[in-house]
Every structure is written in structure tokens, then in C-alpha cells.
Amino acid sequence: MDQHAQPDPAALAESFPTDPAGLPEATRPALLELADGDDLHLQIGPVAKRLEGAMVRMLGYNGSIPGPTLKVRQGSEVIVHVTNQGDLDTTVHWHGLRLENKYDGVPHETQTPIPVGGSFTYRIRFPDPGLYWYHPHIREDYTQEMGLYGNLLVVPADPGYWPPADRDVFLILDDLLLEDGKIAPFSPVETTYTAMGRFGNVLLVAGEPDHSLTVTTGEVVRLWLTNTANTRVFNVQLPGARMKLIGGDSGRMEHEEFVSEVILAPSERAVVDVLFDQPGQLELQHRTPDRTYRLAAITVTGDQAAPSLAEEFEELRTAPELVVVREFFETWLEAPPDKTLALVAEMDDITAPGQGPVLYSCPMHPDVTSQEPGRCPECGMKLLAAAAATIYACPMHPEVTSDQPGRCPQCGMKLLVTALAGQPAGREPAAATHAGGTGDDHGAEHGHHGDGHGHGDSGGIEWEDDMVAVNRLTTPANMRWMLVDRDSGAANAAIDWQFTVGDRVKIRLVNEMDSDHPMHHPFHLHGAGRFLVLARDGVAEPNLVWKDTVLVRTGQTVDILFDVTEPGLWMAHCHIAEHMQSGMMFSFTVARKEAAR
């Protein structure tokens, strides 16, 4: 399996292009309604975009970021002609769609990569209603971060499938890492930030860092939410308005429910109806245990929506097709798993210890040190080695310290050696504030989230990059993320699962704490079928929805039921882009069902 193979180093410069001079400025995405049999032309190419007062070079589909929103009808089929004028070979993956295998967009397995200057034609069908998206499947850590993503809405054949709403708003949630007025550099030959994924310091909503929306009092707005970030999990809240969760990855919920928040891991989607019942100024927010970020400013005018949908908004409907599934739920819940997949990491010391004393310490909890290799008692992460640093201090002013010999600036006395302290290579303060941050700590640096790595108030989610310098230095060479089949012992590309169309497979996902870096993972299955979450840590899932991605939190066990419907060679992987690039993926085979004799 080489779908994550790096481009030929001999054919690449030391870095990807960054100069936006002479490029067309990125536009807002168009809404393209496509009928059965229509042709669509998508062109990948560089664009310029203004962010944080600077013009940066990005990539877009048809010149926009996000790419065009495609609106199609359930049961239809369209032909998509893709031309690649980007920076490297590419494909287009139609995320979440059950489709013919050869159009799934996996390089070297379902198609030959599209070279720069080349083209490829996809024939895409849409069997299931819901919200989907499209993106590259080569160097996702780079191409997706650069702006190559777009939504795809499949309108249900049943006009009563969704409850009534006044209008649709598509909000793709993303982040981008800027440094010195440019997008932080990527290596063309290796993926960096492999440990935790690349967290951005600018949040983008529908491609904009300062998204705004104007609605009328009494209006019911349907938010179609998609998380396309490389690694960031979003917790979406809207104080001052009422939210009703009506759908997820692939269609409607078993039962609609009023919610105060919606958590979206990378590649997950949610469909939320919002009733704005009072005029005023509101904020769509992303809230972590330590921070509140503004996603969008919302103005609710005093004009009244007509006709009013307030009464319909109060109704909590059920999905009959999932009510039927619930009748057989206990049987699947109690059955043993057919497959058990562990999510684990192996992490090398980032720098080899030099001569002299060596200390081991936790990048997440630098106060945890040891003279011997081991694991952090607070979070379970592997302790990393570093040469012990000599600390110098002034005997007269002990608060004056330095890692170098010198003199006290207050009294001029020579600084004397006072202690040894370990520091993991490259450790530095947390990243600077994201644009749009609000709350009591507005303008502050990121703080540590909760009492422990993957524990405490964090809920098993890494909300921020708490070890920036170490994370930046990690690559697939020193950080190996693995999916391990606990029955065979095979890992990643060596896993050889074989199914048949019509199978229903119970898969147990175990995010193990006995790992060099315990953290969350969004696990994604390509279009061989779709799945239901059965249970999380043994607790039955209270509200079913068809899915293609599930967030497995730190230390959590999640059982899913995979409904296999499409033959071919398909992928499964973590949807943190850097984790997939490090090899956290495998392919499985689905055979056609033999005809009855």
C-alpha cells in the first residue's frame, strides 16, 4: 500500500510555492445545482487569499475556498471532470459517499494519480441523502490545509425527510497555521506535526476568518456543519439561540433533539436547525475547557420571519428507518466483535541524548521527570530524553535564573549552578491566540486544557497543541501511528480484512492508553458502506445515525456496526491528516455476493 507515499524528492523544490503575486484572489464558493446526468468541471489551481492582513498563496477548486457547494438529488448521477493545475499529483475523494470503487479517489488502488497538468473523470452516484464533502487523497496534510475542500448536499427523494426550515447555510469549519504573514511551511518530502497534527492559529468558517450572518427574528436557519481541519476538534455552541440536532454524517438522526453543543471531529458533519427568537447580536462559538473562539458574528434583526416555523421547530421527529433498526439493536449490542482494532502510537526520542546527564520528561507535563525511561503517570505518554540542562541562578536574587553562565542584571554577581532540570527538545510556550478568541482570557496564550493529557476537563480530546515544539519536529520517521488488528497482530498496511457485500460486521475500536502518545482519533471508513455506532465504553448509543467517521476519544472503546454494500478495495484510516500520512491506515477487500443458484 503506497497511497500515502511521498512525491519524488528529486522532482520537488525544498518547499512548496508560497508567493501569491499575480494569482487571482480566491472567491466565495458557488452553489451549483446539478441534475441527473449533468457534467461538472473542477479545476485545481493556486489562488491568493487575504488573511490577518497579509496575502497568502493557497489552492482552490474553481478559484474558490471552499470549493463549489454541489447540490444533487438522491438517486442521481453526475460526471465530474477534474483538471489538476496544483502543486503535486492529486485525486478527489468523495467523502462519505457509497459509490463505485474505481471513483473513490484512492491513489494507486482505485486510480492512477492525476499529474500536474493532467485530468481525470469521475462518475458519481448519490444513493443516500445528507451532507458530504470532497477533498484530495494525496498529501492531505498539505493540500487540504491549503483550501482543497468543498461540500456536497444530497437532497432526499422524500420531500418530508427533513423538517421545514427558512434557509440553508453551509459552514465548513477549518483552521490554518500562519507564521510571519505566510502559511507555515510544509516539506514536500515529509509530513511534520505528526504527533498531534497541525493545529492552526486562525480559524476559518466558510473560508473566512471573520464570517458573519444576518437573520430575522423567528427565522429557522439550517446549519450544515463540516469539520475539514487537519486535526482540530470543534465544539460548536450558539448562546442566545436554540439548536436542534436533526442529522449527522449520512442523513437524519433517529430522533431529533435539542442540544446546547455539537462536537465535530475532523471530517464529521452535523445538521442543526437554529431558531432565532429574539433580536440582537449573537456569536457562533467554538468552546474548549479553557477558551472560547468566535466562529461567526450573527445579527438578528427586528424583522419577523413569515410564515413562522416556530411551532414546527418545537416538534421532535423520529426517523422510521432507524426506529426499525433499533428493534434489532440489542442483538448486535450483545454480540462479540467480529474485528477488534487498537489505536496506538510508537514515538522515538526526538533528539538523541548527548554526553553527560540525561533526564526523561513528558512533553505535555514538563514537571514530570525521571532518571529512567518510562511513561508519564498523569497522561501515559512516553517520557522523552534530553540532555539535562544546567541552571544558573543568582544567590542574592534567586528568582534570576539562566541556562547560560553570566551575571545577575540586578547586582552583577556571577550566576552559580543551582540545579539540573530536564527539558524535552524543542519545548516552547503554547501557540499564540487564534483570531476571534473571546471570553475572559481574550488575547491570552493557550493554556493547558484540564488536569491531564486526555483526561480531566478535556473529555479525552486534545483541544490544543500542548507541545508545539516537539510536535513540529515529529515526522513519520520518529512518530508511528498504528491501527493494530488484535486478532492477527497485523498493523496498518499488513491488515488484510475481507468481507462480502451484504455482511454486517461488528468492529470494536480500542484507543489504548498503553501508547507512547494517547490521544483521540477520528476513524473513517471509505465508501464500501456506512456504519452505526452501537456503544461507547459499553454504554448503548442513545441516538442512531448513519456515519462514515467516528471520534474515538483518548482511552475510549467504541463499537460500530458496519453495513457492507459496495464491492472493491477500500480504505480505513484515522482522519487526522498527519496521522494518516504516518501510515495509520489500511485497505480491505469486499467481494461481490454470489448469485443464488
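How much surface does the protein expose, and what share of it do carbon and sulfur atoms supply? The exposed area comes to about 22,700 Å², and carbon and sulfur atoms supply 50% of it. Areas like this come from the Shrake-Rupley method with a 1.4 Å probe, and for residues only the protein chains shown count as cover. Before we go on, keep in mind that this is a predicted model: local features need pLDDT of at least 70, side-chain atom pairs count only at pLDDT 80 or more, and totals for chains, interfaces and linings use all residues. Residues are numbered from 1 along each chain as its sequence is written, and side-chain values use heavy atoms, with hydrogens and water left out.

Let's start with the overall picture. The protein has 6 helices and 40 strands; helices (H or I, at least four residues) and strands (E, at least two) are DSSP runs, numbered from the N terminus. Of its 597 residues, 58% are buried, where buried means under 20% relative accessible area, exposed over 50%, and partly exposed in between (1.4 Å probe, protein chains only). Now take contacts, meaning heavy atoms within 4.5 Å. Among those between residues at least 6 apart in sequence, 76% join residues at least 24 apart.

Next, have a look at strand β8, residues 130–135. Here 6 of the 6 residues are buried, so β8 is largely enclosed by the rest of the structure. In a regular strand the side chains alternate between the two faces of the sheet. You can follow that here: Gly-130, Tyr-132 and Tyr-134 point one way, while Leu-131, Trp-133 and His-135 point the other way. Strands count as paired if DSSP finds at least two bridges between them. β8 pairs with β6 (residues 93–95) in the antiparallel sense over 3 bridges, and His-93 has His-135 as its bridge partner. β8 also pairs antiparallel with β9 (residues 150–155), over 5 bridges, and there Trp-133 is matched with Asn-151.

Another place to see pairing is an open sheet of 6 strands, in the order β31-β23-β33-β38-β35-β36, with mixed pairing. β31 (479–485) and β36 (539–540) stand at the edges with a single partner strand each, so one side of each has no neighbour in the sheet. β23 (residues 339–347) is joined to β31 by 7 bridges, and the two run antiparallel. Glu-346, for example, has Arg-480 in β31 as its bridge partner.

What about the nonpolar residues? A nonpolar core is a set of buried Ala, Val, Leu, Ile, Met, Phe, Trp, Tyr and Cys residues joined through side-chain atoms within 4.5 Å. The largest one has 95 residues, and Trp-94, Ile-124, Ile-560 and Phe-588 have the most contacts inside it. Strand β2 (residues 39–51) gives the most to this core, with 5 residues. A second, separate core of 33 residues includes Leu-203, Leu-238, Met-243 and Val-272. Back in the largest core, Ile-124 touches residues beyond its neighbours within four places in sequence, among them Val-78, Trp-94 and Leu-99.

Finally, meet Glu-578, which is found in helix α6 (residues 577–581). At 1% relative accessibility, Glu-578 counts as buried. Leaving aside neighbours within four places in sequence, its contacts include Asp-141, Tyr-193 and Arg-198. Glu-578 and Thr-231 are 347 residues apart in sequence, yet their C-alpha atoms are 8.0 Å apart in space.
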